[in-house]
Amino acid sequence: MEIGAKLAILADAAKYDASCASSGTDQRDSRGKAGLGSTEGMGICHSYAPDGRCISLLKVLLTNACAYDCLYCVNRASSNVPRARFTIAEIVTLTLDFYKRNYIEGLFLSSGIIRSPDYTMEQIVEVARQLRLQHGFRGYIHLKTIPDADERLMAEAGKYADRLSINIELPSETSVQKFAPEKDVRAIRRSMGRMRLKIEEAGADRKAPRFAPGGQSTQMIIGADAATDADILTTSANLYGSYGLKRVYYSAFSPIPDASSVLPAFAPPLVREHRLYQGDWLLRFYGFDTEEVFAGTDGMLPLDMDPKLAWALRNRDRFPLDVNTAAREELLRVPGFGLKTVERILSARSIRAMRADDLKRLHVPLKTALPFIVTPDHRPTQLADRNDLATLVKQAPSVQLSLFPNAA
Amino acid sequence: MPHNIVLSGQTDFDGWRTAARQLCIAGIPPRDVAWSLHDMPDLFAASSGVPEGSGAFNVSRRFVDLASDVILHSDPERFALLYRLLWRLRAEPLLLDLMTDRDVSRAADMAKNVRRDIHKMHAFVRFRKIDGGGEERFVAWFEPEHHTLEAGAAFFARRFPNMMWSILSPRVSAHWDGSELTFDDGAGRQDAPDGDALEDVWRTYYAAIFNPARLKVSAMMSEMPRKYWRNLPEAELIDSLVANARKRTEAMVAHGVKAPKVNRQREIEQAPPLVPETAGTLAELRSEARGCRACPLWKPATQTVFGEGPANADIVFVGEQPGDKEDLAGRPFVGPAGQLFDRALADAELDRTRTYVTNAVKHFKFTPRGKIRLHQKPNTTEIRACHQWLEREIALIKPKLIVALGATAAQSLFGRAMPIGKNRGKVLDVGDARVLVTVHPSYLLRVPEEDRKREEYARFVDDLRLARKTLKEAA
């Protein structure tokens with residue numbers, strides 16, 4: 001099979017992994033050295049596909065042959081998709097050729113499980129080893145880790161990779177048992193635990209062996225099981241706290257070629273996915289905890305407004321806040337105020353009082369924010385008892401392109 | 001009298017800086033200054049140039065950084081804007097913190113656009129390879145929106161120092177010969193190669209990585225606006241990918257389900273079956289405990305953390321529960337409290353290799369708080385649920401002495417709450433076993449004052465010495 005045909009199969013097989021990040025690793029370049037490549041902190045998206053996703057890395061599988069039969073996966077053993085396998089030399093050459101033309105920041109390599117977890121992991125690690133040691137490649141490398149792979153292979157993977165990841169796959173352990181019977185959530189968690197210890201050890205001690213300076217991440221498929229948003233974000237909070245993950249990616253389950261009959265085809269819940277990311281942000285950067293995000297709800301984030309606005313509407317007694325005196329933590333809870341906005345308000349108001357007009361220059365969506373704030377020139381009226389407030393403050397609904405007008 | 005300042009080019013930051021500095025020192029207000037470029041002088045301004053004069057003049061690093069970005073913007077007003085900011089900064093030193101100010105916010109927006117333009121250049125430059133005379137050369141054609149080509153080119157020198165490359169653009173071109181970055185005149189698109197054999201492979205990748213079921217054209221357009229498309233080899237596919245997305249997705253849905261493949265992928269090599277463990281060994285108990293679901297603590301935790309040490313240990317230490325580190329490593333007493341415990345054992349001259357360490361509760365109980373996990377004390381139900389493991393560990397080891405480290409361990413061993421203060425340092429009998437009660441080493445970590453910390457540590461070591469003495473007597 002020629003390289004293009006293989007690439008078509010093995011990139012298609014890799015696209016359900018949402019991550020394409022190339023940021024957050026150590027900074028390095030190739031000045032005065034043999035080889036090529038650099039990472040300078042900020043990730044770079046070299047292109048965007050019409051699905052809106054960033055293309056930063058060459059994201060491929062080593063092979064899409066797989067012994068496991070995970071029902072949601074395009075590569076499961078019982079699927080009729082065509083199969084292919086790259087040789088190690090082919091991936092190495094393709095990565096270097098793409099990199100030299102500035103198409104990519106590096107490589108994201110994963111694989112179906114063939115022969116044994118250790119054998120599979122060994123092949124993945126070998127690609128990274130050759131890129132780093134034989135070609136002096138200093139670009140970004142993200143490797144998928146196989147749960148419970150041998151300690152030595154894990155250490156070697158961390159030595160060459162910038163980021164490692166293992167997918168938790170589904171929000172609950174019961175769903176994983178049901179849809180991915182060969183996968184063991186306990187083994188996944190043990191591997192995440194091992195990786196966190198190694199990442200922290202390498203970060204704390206300069207003499208410790210290099211280990212994945214870009215950290216670890218994971219992915220959860222959304223909408224393939226009955227988990228609520230509360231279940232999902234509770235699992236995320238547990239994973240962030242336990243394993244120091246850089247990111248939990250949410251991937252709306254989408255129709256795949258040759259799907260399993262157990263999972264009926266439906267439009268991927270893209271808006272829900274977006275709301276989950278917003279909820280995830282509230283937990284990590286805005287000082288919310290899961291209980292408050294979901295208190296008084298049925299465990300689902302509303303689809304028609306962002307979760308912070310929904311929270312504020314349920315907690316009107318905490319508003320309006322005076323923009324000129326409220327504390328940072330309070331300002332972060334105002335609908336329409338982002339992290340940067342809050343920092344800018346704090347430094348500007350120490351020089352002169354903020355007026356409603358000033359917020360415009362900070363690019364604040366005034367329609368959303370004004371009912372919740374007080375400034376010398378603005379005082380909201382009847383916030384607490386207006387029934388129609390929700391409709392007044394909502395942004396125009398972002399129209400989601402419906403592919404299946406008849407489906408829910 | 002109006003001053004007309006002529007700069008040598010679009011990116012002449014040094015010229016602007018020198019002139020602005022002199023103008024400021026000479027007290028020339030912004031309304032009396034006109035800025036123009038060498039090749040297009042402002043015909044309406046009387047030329048009186050940069051005033052003479054000297055004097056001390058300081059400006060913050062922050063302003064210099066901002067100005068060196070803003071100067072690369074394509075807006076001809078940028079020189080005047082920067083001079084106005086500089087002028088105002090003398091009376092309003094905190095001005096740059098005032099993002100609500102019209103000048104500050106305009107300059108910040110311009111700097112942001114410039115940085116974005118540089119970032120997009122790093123992203124969207126596409127090199128095409130030329131093979132000539134046995135030497136590889138890579139050439140790209142790129143059209144930045146602002147005057148950023150020079151600023152953006154240094155990145156490629158850091159990334160590809162061992163490649164010969166050029167980036168051509170309408171105003172200026174950058175060349176790297178393997179050791180030096182040089183700039184010369186602008187070029188035309190026809191001066192760059194018109195293709196590269198690898199672009200077909202790249203397009204194959206682009207088409208395959210796109211998921212037609214998730215069409216979100218607006219998200220793509222906001223990050224990769226159409227103005228960049230003409231220099232991106234993959235962009236020629238976009239229209240047809242978008243047009244066919246719906247059809248492809250509907251086909252996937254309508255296709256329904258074919259019979260699952262019969263000839264499954266090659267079966268995975270089975271790990272050799274575990275050698276059945278002799279009934280009643282610690283190893284067997286450990287593997288049984290791995291799947292314990294006797295209380296809900298297993299679920300949020302990583303793993304069961306079982307005891308560790310020789311099966312014929314003379315002494316068993318029982319702690320409360322594994323902590324953060326223990327949960328990740330799957331081994332007891334490896335975190336900060338465990339390290340302190342090791343030190344105390346050594347000071348009491350107890351041989352760690354001859355001791356067995358375990359916990360009353362074998363899963364870590366915690367609440368996640370952002371990036372950390374807050375330890376939570378196990379409750380009575382959880383202690384009871386986990387008691388069977390401890391009991392069976394002790395029954396197999398038959399130690400001469402058990403040391404209860406802290407209240408949870410004591411509660412599990414005695415079957416009731418035991419005040420530590422009252423029972424500390426005593427060897428008590430529980431059935432056939434002898435138990436010494438002392439504090440948990442994590443308590444020592446929490447004592448705030450250094451003096452008391454030392455005192456408490458010494459008391460703890462004393463308790464361990466008592467344990468050693470008790471063992472000797474029993475022998």
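**Exercise 1. The surroundings of a loop residue**

Leaving aside neighbours within four places in sequence, which residues is Leu245(A) in contact with? Work this out on the predicted model.

*Solution.*
- Step 1: Find the residue. Leu245(A) sits in the loop between α7 and β8 of chain A.
- Step 2: Set aside the neighbours within four places in sequence and list the contacts that remain. They are Gln216(A), Ser217(A), Thr218(A), Leu239(A) and Tyr240(A).
- Step 3: Decide whether Leu245(A) is buried or exposed. A residue is buried if 20 or more other C-beta atoms lie within 10 Å of its own. Leu245(A) has 21 such neighbours, so it counts as buried.
- Step 4: Try a distance. Leu245(A) and Asp298(A) are separated by 53 residues in sequence, and their C-alpha atoms are 28 Å apart in space.

**Exercise 2. A helix in chain A**

Compare the length of helix α8 of chain A with the span expected for its 16 residues, then describe what it packs against.

*Solution.*
- Step 1: Take the helix, residues 270-285, and allow 1.5 Å a residue; the expected span is 22 Å. The expected span uses one less than the number of residues.
- Step 2: Check the model. The end C-alpha atoms of α8(A) are 22 Å apart, which agrees with the expectation.
- Step 3: List the buried positions. In α8(A) these are Leu270(A), Arg275(A), Leu276(A), Gly279(A), Asp280(A), Leu282(A) and Leu283(A). As background, an α-helix has 3.6 residues a turn, so residues three or four places apart point the same way.
- Step 4: Look for the packing partners. The buried residues of α8(A) pack against two strands, β7 (216-222) and β8 (247-252), and against the helices α7 (229-243), α9 (290-294) and α10 (307-314), in chain A.
- Step 5: Go just past the helix, where Gly287(A) has a positive phi of about 75°.

**Exercise 3. Three strands in chain B**

Trace the pairing of strand β6 of chain B with β5(B) and with β7(B).

*Solution.*
- Step 1: Start with β5 (residues 165-168). Its pairing with β6(B) is antiparallel, over 3 bridges, and a hairpin of 3 residues joins the two strands.
- Step 2: Pick out one pair in this ladder: Trp165(B) stands opposite Trp176(B) of β6(B).
- Step 3: Move on to β7 (residues 181-185). This strand also pairs with β6(B) in the antiparallel sense, over 5 bridges. Here Val172(B) has Asp185(B) as its bridge partner.
- Step 4: Inspect the turn. The hairpin of β6(B) and β7(B) has 4 residues between the strands, and Gly178(B) takes a positive phi near 105° in this hairpin.
- Step 5: Ask how enclosed β6(B) is. Of its 5 residues (172-176), 4 are buried, so the strand is largely enclosed by the rest of the structure.

**Exercise 4. Two chains, two outlines**

Set the radius of gyration of each chain beside the value for a globule of its length.

*Solution.*
- Step 1: For chain A, with 408 residues, the globule rule gives 22 Å and the model gives 24 Å; the values are close, so the chain is as compact as a globular protein of that length. Chain A holds 15 helices and 10 strands, and its C-alpha atoms fill a box of roughly 70 × 55 × 35 Å.
- Step 2: For chain B, a compact globule of 475 residues would be near 23 Å, but the chain has 37 Å. Its C-alpha trace spans about 105 × 75 × 45 Å, with 16 helices and 14 strands.
- Step 3: Add burial. In chain A, 51% of the residues count as buried; in chain B, 36% do.

**Exercise 5. Interface and cores**

How many residues of chain B are in contact with chain A, and what classes do they belong to?

*Solution.*
- Step 1: Count both sides. 72 residues of chain B are in contact with 76 residues of chain A.
- Step 2: Name the elements. Those giving two or more residues to the chain B side include α4 (102-124), α8 (238-254) and β10 (366-369) of chain B.
- Step 3: Sort by class. That side has 39 nonpolar, 12 polar and 21 charged residues.
- Step 4: Turn to the cores. The largest nonpolar core has 176 residues, and Leu10(A), Ala128(A), Leu82(B) and Ile167(B) are among those with the most contacts inside it. The helix α4(B) gives the most to this core, with 8 residues.
- Step 5: Find the other one. A second, separate core has 42 residues, including Phe317(B) and Leu401(B).

How values were computed:
Residues numbered from 1 in each chain as written. Chains lettered and ligands numbered in written order. Predicted model: local features only at pLDDT ≥ 70, side-chain atom pairs only at ≥ 80, totals over all residues. Rg over C-alpha atoms; globule rule 2.2 N^0.38 Å. Buried ≥ 20, exposed ≤ 12 C-beta atoms within 10 Å, placed from the backbone. Contact = placed C-beta atoms within 7 Å. Nonpolar A, V, L, I, M, F, W, Y, C, P; charged D, E, K, R; others polar. Core = buried A, V, L, I, M, F, W, Y, C linked by C-beta atoms within 7 Å. Pairing = 2+ DSSP bridges.
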